[in-house]
Amino acid sequence: MQYTMFLWPHANARYQVESEKLARAELEIMLARLGVPFVLDERGEAGIPSLRFASRRALSAEEMCILSRHSLLYALFERREDGALAPVLGRETPRIGGDLTGILKYRGKTNELFTQLLVNLAWLAGAMPEKPRLLDPMCGRGTTLFVALNRGWDACGSDVDRAALREGEQFFKRYVEYHRRKYVLSRGSMTLRDKKSAPYAQFAVEDMRLRLAELDASRVDQAYGRGKFDMLCADLPYGVQHGATMPLEALLRLALPAWREVLRPGGALALSFNAQTLPAAKMRALLRAAGLRVSEGGPWDRLSHWVEQAVTRDVCVGVRP
């Protein structure tokens, strides 16, 4: 079977080229995880951002469901012998709203399609239950959490930036009210060591939970306990727009043991970072030192991409044994 995947376009021509490289790596990881024998074609459709691949058999309904989560999928077509394209798949229907992740704009925001890639990589690397629970220990205004909610998952986020958390909370409240979705908003606090606590706001929407907590990233294990999450995703400070309060390597040495602790066995961690300030080899060494099994080789080594002059972003993924 011959397939063509049309990719989501990007206004920046240079980033479009970079995103196509990412899309190819993500597709390879997906098909390999599904156990689908495939051959990627270097050609796409002329003039259209796209990927072409051949499979020895037709994709099953379950495999189609997984491919519908590809971060840059616009539509998937079956390519017939006469060159005609028959549509077979669109993007997964979001549980909350397709525009949830993109409406809130602010300086330094990570592209929401890339955030979906980050979540996908963690999901594909680990052994996941039907409904994983996700933690973003540096969540900012909550884009990663909104991606998880649109998948129907529970999501918890923490940050030390009280203003960012408040903005994310207010935005989500306005969003669900505008779309007339029933919700319950509650507040509480989680007990930490040294007689300290971490205040949080929690939304209950349908069968999902969203929690935003004011909490240092290195103390998530104290707040949540061991093995509470299936996935941990974070877009780490780039050292350009974010203005980290300490060097990233020092931050990771402090936080990674806590991040590993909150993952259950088989859970996965995906981190994006600026490889100009912290090389991928160093990042992988830090993950191994924290007791995580690093996903590497093949497409896992082809996730580095240009973002801007001072930022070459990469992704490293680790699994708790």
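Reader: In what order do the five strands of the open sheet stand, and what is the direction of the pairing?

Author: In this predicted model, five strands make up an open sheet whose order is S2-S3-S1-S4-S5, and the pairing is antiparallel. The twist from one strand to the next averages 30 degrees.

Reader: What makes S2 and S5 edge strands?

Author: Strand S2 (38-41) and strand S5 (85-89) each pair on one side only, and this is what puts them at the edge.

Reader: How do you know that S2 and S3 are paired?

Author: Two strands count as a pair if there are at least two bridges between them, and four bridges join S2 to strand S3 (residues 50-55), so the pairing is established. In one of these places, Phe 38 has Ser 55 in S3 as its bridge partner.

Reader: What does helix H1 touch when it packs on the sheet?

Author: Helix H1 (residues 13-34) touches strand S1 (2-7), S2 and S3, and the direction of H1 makes about 170 degrees with that of S2.

Reader: Why is the pair of Tyr 3 and Phe 53 called stacked?

Author: Rings pair if their centres lie within 6.5 Å, and planes under 30 degrees apart count as stacked. For Tyr 3 and Phe 53 the centres are 5.3 Å apart and the angle between the planes is 25 degrees, so both conditions are met and the pair is stacked. Because Tyr 3 lies in strand S1 and Phe 53 in strand S3, the pair ties together parts that are 50 residues apart in sequence. Both Tyr 3 and Phe 53 are buried.

Reader: Why is the pair of Phe 172 and Phe 203 described by another term, edge-to-face?

Author: The angle between the planes is 80 degrees for Phe 172 and Phe 203, with 5.0 Å from centre to centre, and since planes over 60 degrees apart count as edge-to-face, the term follows. Phe 172 belongs to helix H5 (residues 162-178) and Phe 203 to strand S9 (residues 197-205), so this pair ties together parts that are 31 residues apart in sequence. Both of these residues are buried, and they belong to one aromatic cluster with Phe 146, Phe 171, Tyr 175 and Tyr 183. In total, the structure holds nine aromatic pairs.

Reader: How do you know that Cys 156 is in no disulfide?

Author: The sulfur atoms of a disulfide must lie within 2.5 Å of each other, whereas the nearest cysteine sulfur to that of Cys 156, in Cys 139, is 9.8 Å away, so no disulfide is assigned. For Cys 316, the closest cysteine sulfur is in Cys 233, at 13 Å, which is too far for a bond. By this rule, the count of disulfides is zero.

Reader: Why are Cys 156 and Cys 316 called buried?

Author: Buried means under 20% relative accessible area; Cys 156 has 3% relative accessibility, so Cys 156 counts as buried, and Cys 316 has 2%, so Cys 316 counts as buried too.

Reader: How do you know that the buried residues of helix H8 are on the same side?

Author: In H8 (residues 280-289), the buried residues are Ala 280, Met 283, Arg 284, Leu 286 and Leu 287. They cover an arc of only 155 degrees around the axis, and therefore they lie on the same side of H8. The face turned away from that side carries the exposed residues Ala 281 and Ala 289.

Reader: What covers the buried residues of H8?

Author: The cover includes helix H7 (248-262), strand S12 (263-274), strand S13 (293-294) and strand S15 (311-319).

Key: Residues numbered from 1 in each chain as written. Predicted model: local features only at pLDDT ≥ 70, side-chain atom pairs only at ≥ 80, totals over all residues. Heavy atoms only, no water. Helix = DSSP H or I, 4+ residues; strand = E, 2+ residues; numbered from the N terminus. Axes fitted to C-alpha atoms, helices over the stretch in contact; angles between N-to-C directions. Contact = heavy atoms within 4.5 Å. Buried < 20%, exposed > 50% of the residue type's maximum accessible area, 1.4 Å probe, protein only. Arc of directions from axis to C-beta. Phe/Tyr/Trp six-rings, centres within 6.5 Å; stacked < 30°, edge-to-face > 60°.
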